[in-house]
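Trainee: I'm new to this structure. Could you walk me through the ligand site?
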Amino acid sequence: MASKELATVTQGTALRPPKHGWQYAPSPEGTDHFKLKPRYELFIGGKWVEPQSGKYFKTINPATETVIAEVAEASAEDVDRAVRAARAAYDTVWSRMRASERAKYIYRIARRIQERSRELAVVESLDGGKPIKESRDVDLPLAAAHFFHYAGWADKLAYAIPGRRARPLGVAGQVIPWNFPLLMAAWKLAPALACGNTVVLKPAETTPLTALLLAEILEECELPPGVVNIVTGAGVTGGAVVNHPDVNKVAFTGSTGVGKRIQRDLAGSNKKLTLELGGKAANIVFADAAIDQAVEGIINGIYFNQGHVCCAGSRLLVEESAHDTLVRKLTRRIENLRVGDPLDKNTDVGAINSRMQLEKIQELVAAGVSEGCMIHQSHAQLPSKGFFFAPTFFTGVSQSHRIAQEEIFGPVLSVITFRTPEEAVEKANNTHYGLSAGIWTDKAAKVFWMAKRMRAGVVWANTFNKFDATSPFGGFKESGFGREGGRAGLMPYLNAEGV
Ligand code: NAD
């Protein structure tokens with residue numbers, strides 16, 4: 001167990017030999033089955049075009065800090081070109097096409113994602129830092145599943161909103177974050193296209209590559225030019241997309257701060273808006289739960305994917321009588337997590353996405369220590385290069401501590417105790433966020449009693465972080481509004497008229 005001396009926990013201080021746990025021989029995923037280009041342009045009107053400013057930015061591998069490729073930086077003029085291409089495609093092709101034909105394109109995209117999934121998974125891990133087993137087994141299958149699911153809806157929209165006529169909205173401007181780059185693109189593109197909209201999509205500046213490979217897939221699928229346009233860049237480019245006057249619908253996934261700004265900017269405009277924002281999920285463990293199973297759920301909920309999950313179970317609410325047992329098991333379990341090369345098939349915790357994100361995690365962890373919480377940290381040996389952070393949890397956390405309130409977005413868990421279900425509900429809901437929650441108990445009645453009282457868009461019972469293309473996902477409170485996935489995910493892309 002680490003002590004308060006770890007107050008100055010930084011990337012370097014965790015270079016200690018593993019305490020227990022097995023050593024595995026390296027098992028890196030190959031990278032010789034594909035070739036990335038040294039430079040990527042903007043994908044506008046079905047063509048790869050240079051940015052008008054001539055500016056490019058570098059995308060780096062966060063595990064090695066080496067440059068992977070240069071990527072075009074789109075200015076407001078480039079975004080305008082993209083929106084005009086999307087409008088032309090909407091007016092002349094996509095909104096007029098028979099829905100069953102649109103479905104074929106979307107289905108073809110899903111198949112091509114499956115065919116290129118090994119390449120896409122590796123690039124996702126190279127560019128974003130997430131372990132290959134996560135990209136390969138979670139991101140890629142789910143991304144393909146979303147396109148398959150919405151391909152099925154394209155010619156059945158009348159059944160989605162019975163008794164009303166479904167009409168597309170026009171041009172959708174979509175801005176996505178870095179934690180699930182391809183999956184977020186799939187969540188956004190698939191329903192928009194199924195409903196007959198055209199799109200301008202902006203991926204995050206630290207993870208643009210899989211969206212650009214997806215553009216190649218759209219070309220291979222012969223999607224009509226302009227139906228999907230991909231513009232790369234940072235916040236200024238995102239701002240140009242959401243504020244463009246000819247965009248009818250804005251879909252944003254990212255931080256609550258930026259989401260609030262977009263909501264303010266769009267106030268009074270006629271644009272439809274959905275926001276998928278941050279979270280501070282409570283994973284609630286009752287003493288009657290299967291504790292070993294709960295420990296695995298907690299590990300999956302916060303440490304896999306480095307805690308870079310909006311719905312990560314970053315607060316562990318544990319019934320007081322189970323606290324010591326759970327903490328003991330958790331301490332042992334985090335020692336066995338393998339932290340390191342994202343491309344190694346045995347890696348559990350990969351690289352933090354960027355230096356900026358690593359510094360944010362370090363700052364909040366230092367705040368937890370200085371506020372008097374007890375830090376417990378894995379002795380994992382971290383690579384000497386790249387951005388890594390050892391799996392960490394805090395005990396002695398109370399509701400007012402920063403680490404109990406602010407989204408850390410890293411492999412850091414705050415453990416809080418409760419005595420009664422009522423207290424668990426009150427503490428779980430005591431945050432500005434409301435994206436997800438987990439309940440661990442062997443009493444089904446307790447699950448339902450709790451779930452009804454959670455102010456969270458998703459509530460998992462005896463599991464955590466499980467997703468399905470057919471199931472809606474979205475938040476309460478400052479976690480945003482609107483739903484993605486399933487039939488509910490069609491609604492933000494449709495106008496429903498009475499018939
Ligand atoms: P971010 O808000 O910094 O950036 C998200 C995207 O918005 C990026 O593409 C960025 O370039 C762009 N952007 C930045 N400023 C902008 C502006 N003024 N106008 C328009 N676009 C702008 O968030 P991030 O750090 O990339 O992602 C992490 C956040 O995303 C976390 O808070 C996480 O919880 C959240 N997230 C939420 C969900 C969800 O479904 N609720 C899913 C994934 C991530």
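Mentor: Happily! Of the 28 residues around the ligand, Ile176, Glu205, Ser255, Leu277 and Glu407 come nearest. The model is predicted, so local features need pLDDT of at least 70, side-chain atom pairs count only at 80 or more, and totals for linings use all residues. Residues are numbered from 1 along each chain, and side-chain values use heavy atoms, without hydrogens and water.

Trainee: What makes a residue near the ligand?

Mentor: One of its heavy atoms lies within 4 Å of the molecule.

Trainee: Why is the pair of Glu205 and the ligand called a polar contact?

Mentor: The term needs a pair of N or O atoms within 3.5 Å. A polar side-chain atom of Glu205 lies 2.7 Å from a ligand oxygen, so the pair fits the definition. For Glu407, a polar side-chain atom is 2.5 Å from an oxygen atom of the ligand.

Trainee: How do you know that the ligand lies between two domains?

Mentor: Domain 1 (3–15 + 279–461) and domain 2 (39–278 + 476–498) both give residues to the shell, so the ligand lies between them. Those bounds come from an automatic or database domain assignment.

Key:
Polar contact = N/O pair within 3.5 Å; in protein donor to acceptor, adjacent residues only side chain to side chain.
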